[in-house]
Amino acid sequence: MGDTGGRTSPPERKPTPMPRLALYALAVCVLAVAAAVVSFVQGSWLGVIWVLLAGLSSNMAWYYIRRARMSHEA
């Protein structure tokens, strides 16, 4: 005899879209890294500020991504 359909497949997990603030922070991070490289190539120590800004925006992007994942899982 055949299966009567008592079992169901588990629901598929869709990937969560990246939040808009995380995308903005990631864009700022990439631009800050590019600005740091240009500053250091030109011999300016202002690149240190750009590196710090890149680190800050990178942490912000990770925070917003993790927060979005936690809100979708709960």
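**Exercise 1. Place Leu21 in the fold and find out how far its C-alpha is from that of Tyr64.**

Start with the secondary structure: Leu21 sits in helix α1. Keep in mind that this is a predicted model. Next, check the exposure: Leu21 has a relative accessible area of 45%. That value falls between the 20% and 50% cut-offs, so Leu21 is partly exposed. Last, look across to Tyr64: the two residues are 43 places apart along the chain, yet their C-alpha atoms are separated by 6.8 Å.

**Exercise 2. Search the whole structure for aromatic pairs and classify what turns up.**

The search gives one pair. Its members are Tyr63 and Tyr64, with ring centres 5.3 Å apart and planes at 65 degrees. Planes over 60 degrees apart count as edge-to-face, so that's the label for Tyr63 and Tyr64. Now compare the burial of the two partners. Tyr63 comes out at 44% relative accessibility, so call it partly exposed. Tyr64 has 18%, and anything under 20% is buried, so Tyr64 counts as buried.

**Exercise 3. Work out the surroundings of Ser57, starting with its helix.**

Step one: Ser57 belongs to helix α2, which covers residues 47–73. Step two: is Ser57 buried or exposed? Its relative accessible area is 4%, so Ser57 is buried. Step three: look at what the polar side-chain atoms have around them. The backbone oxygen of Ala54 is 3.1 Å from a polar atom of the Ser57 side chain. The backbone nitrogen of Cys29 also shows up, at 3.3 Å from a polar atom of that side chain. Step four: drop residues up to four places away in sequence, and Ser57 touches Ala25, Val28 and Cys29.

**Exercise 4. Take Ser39 and Ala34 in α1 and determine whether each is buried or partly exposed.**

Ser39 lies in helix α1. With a relative accessible area of 9%, Ser39 is buried. Which residues does Ser39 contact, leaving aside neighbours within four places in sequence? The list is Ser44, Leu46, Gly47 and Trp50. Trp50 itself is in helix α2, and at 32% relative accessibility Trp50 counts as partly exposed.

On to Ala34, which is also part of helix α1, residues 20–41. Ala34 has a relative accessible area of 40%, so it's partly exposed. Measure C-alpha to C-alpha from Ala34 to Val51 and you get 9.5 Å, for residues 17 apart in sequence.

**Exercise 5. Find which helix gives the most to the nonpolar surface patch.**

First, the patch: it has an area of about 1200 Å², and its members include Val28, Phe40, Trp45, Trp50, Val51 and Met60. Both α1 and α2 supply at least two of its residues each. The top contributor is α2, with eight residues.

**Exercise 6. Sum up the protein as a whole: how many helices and strands are there, and what share of the residues is buried?**

Count the elements and you get two helices and zero strands. For burial, 19% of the 74 residues are buried. For the surface, the protein exposes about 6500 Å², with carbon and sulfur atoms supplying 66% of it. Finally, the contacts: take those between residues at least 6 apart in sequence, and 56% join residues at least 24 apart.

Conventions. Residues are numbered from 1 along each chain as its sequence is written. This is a predicted model: local features need pLDDT of at least 70, side-chain atom pairs count only at pLDDT 80 or more; totals for chains, interfaces and linings use all residues. Side-chain values use heavy atoms; hydrogens and water are left out. Helices (H or I, at least four residues) and strands (E, at least two) are DSSP runs, numbered from the N terminus. Buried means under 20% relative accessible area, exposed over 50%, partly exposed in between (1.4 Å probe, protein chains only). A polar contact is a pair of N or O atoms within 3.5 Å; within protein, one must be able to donate a hydrogen and the other to accept it, and residues adjacent in sequence count only if both atoms are side-chain atoms. Contact means heavy atoms within 4.5 Å. Rings of Phe, Tyr and Trp (its six-membered ring) pair if their centres lie within 6.5 Å; planes under 30 degrees apart count as stacked, over 60 as edge-to-face and the rest as tilted. Patches are made of residues with over 30% relative accessible area and no salt bridge: like charges are joined within 9 Å, nonpolar side chains (Val, Leu, Ile, Met, Phe, Trp, Tyr) within 5 Å. Accessible areas come from the Shrake-Rupley method with a 1.4 Å probe; for residues, only the protein chains shown count as cover. A salt bridge is a side-chain nitrogen of Lys or Arg within 4 Å of a carboxyl oxygen of Asp or Glu.
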